Amino acid sequence: MKLSTRAERIEPFYVMEVAKAAQALAREVAGSREPMIFLNIGEPDFTAPPLVQEAAAKAVRDGATQYTQALGLDALRERISAWYAQRFGVDVPARRIVVTAGASAALQLACLALIDAGDEILMPDPSYPCNRHFVSAAEGRAVLIPTTAEERYQLSAAKVEAAWGPRTRGVLLASPSNPTGTSIAPDELRRIHAAVQSRGGITLIDEIYLGLSYDDAFGQTALAIDENVISINSFSKYFNMTGWRLGWMVVPEVLVPAVERLAQNLFICASTVSQFAALACFELESIAEYERRRAEFKARRDYFIPALNQLGLNVPVVPDGAFYAWADCTRAAEALGVSGSWDFAYELMRRAHLAITPGRDFGTAETARYVRFSTANSMAQLQESVARLARVLG
Ligand SMILES: Cc1ncc(COP(=O)(O)O)c(C=O)c1O
């Protein structure tokens, strides 16, 4: 059957290939002294807290399962608005908030609303692979700009200005980033947005990991800068609800009708049960639990990053958010007698039963040297991982 060129062009999500291989090996070694440890997972190891689970069950029991309006339940949009005020001190009116089926649907809606065929979107290398595919699905072109550790693996205004061409439509950033866990310094973000605005472009920023921020110098939403910033967010990470498929985006008011039309036609609405459940995320008891978990994520980072550095898996920038470590595996690969992050990941899986993610998905610049570790795992599992790494790396 003939595929569309659009479908042909989409590269596989290699993370998933590695995950499949890890699952297969995990079954083989399940009963051994060293069962598989998964440090390749991009989702919290926690599940939704009790009030959220109960709210979902109640919605089902009450039969509150019809479609909602495309923009989402008004009550939920109000709760999200209040969260911006409470946590970030930023006024984000509910009428600018669009509830979506995860950040993924929000990114699709944003790209389809704003990108025409041939438009170019600038983004950092490395970055979350699906983001460039959302752009190409809208028939745009993602232009990956190599970044450095000194830049916290983020774009700078100078690089945006230098890369801006006649077809450039805007930037797509993620702060904190997947795979690096590093954020854009607030002043640099202001400069980037000013450069974009002065060229009539759009600033799209994926803030899905913003809730999991560990450093006050970075933990502010880009929505504080200007109403024209478009921010994508989600219940997946801070709120521990990956499989519930719920997220949102904040758009300038003039964009709401276009996004609403697209959402009505493409999705009808986000999951109704998940929306009712998510109302309970903002209860004091739930927020207290999320904050305890955020502290746990920070403690894991504080243990794991120095341990990796000591093992020669150099993490050039300490992540200020999310649950990833972006490590240079050049020396460690040599120690295992292989070269490159792809072979290193497979060799580590084979010898230490540790699943990690090679850099390949995230770009082309330095990704053959880098691997991503996820710290969304218990402290005990992280300690065991460090022991195994120490053993195989000698
Ligand atoms: C940077 C980034 N953006 C978006 C997503 C998609 O998230 P969601 O589950 O909300 O669709 C992910 C998921 O890992 C991510 O890491």
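Author: Before we start on this predicted model, one definition: Ala, Val, Leu, Ile, Met, Phe, Trp, Tyr, Cys and Pro count as nonpolar, Asp, Glu, Lys and Arg as charged, and the others, Gly among them, as polar.

Reader: How many polar residues does the shell around the ligand have?

Author: Happy to help! The ligand is surrounded by 13 residues, and the closest are Gly 102, Ala 103, Ser 104, Ser 234 and Ser 236. By class, the shell has four nonpolar residues and one charged, and its polar residues number eight.

Reader: Which helix gives the largest share of the shell around the ligand?

Author: Three residues of the shell come from one helix, residues 102–114. That largest share belongs to helix 5.

Reader: Which strands are the edge strands of the open sheet?

Author: Start with the order of the seven strands, which is 2-8-7-6-5-3-4, with mixed pairing. An edge strand pairs on one side only. That description fits strand 2 (97–100) and strand 4 (141–146).

Reader: In strand 6, what is the bridge partner of Val 171?

Author: Good one to find on the structure! Strand 5 (residues 168–174) and strand 6 (residues 202–206) pair in the parallel sense, over five bridges. In strand 6, the partner of Val 171 is Thr 203.

Reader: Are helix 4 and helix 10 parallel, perpendicular or oblique to each other?

Author: The axes of helix 4 (residues 74–88) and helix 10 (residues 272–279) come within 9 Å and cross at roughly 40°. Angles under 35 degrees count as roughly parallel, and 65 to 115 as roughly perpendicular. The two helices, helix 4 and helix 10, are therefore oblique.

Technical notes: Residues numbered from 1 in each chain as written. Predicted model: local features only at pLDDT ≥ 70, side-chain atom pairs only at ≥ 80, totals over all residues. Axes fitted to C-alpha atoms, helices over the stretch in contact; angles between N-to-C directions. Helix = DSSP H or I, 4+ residues; strand = E, 2+ residues; numbered from the N terminus. Parallel < 35°, antiparallel > 145°, perpendicular 65-115°, else oblique. Near = placed C-beta within 6 Å. Pairing = 2+ DSSP bridges.
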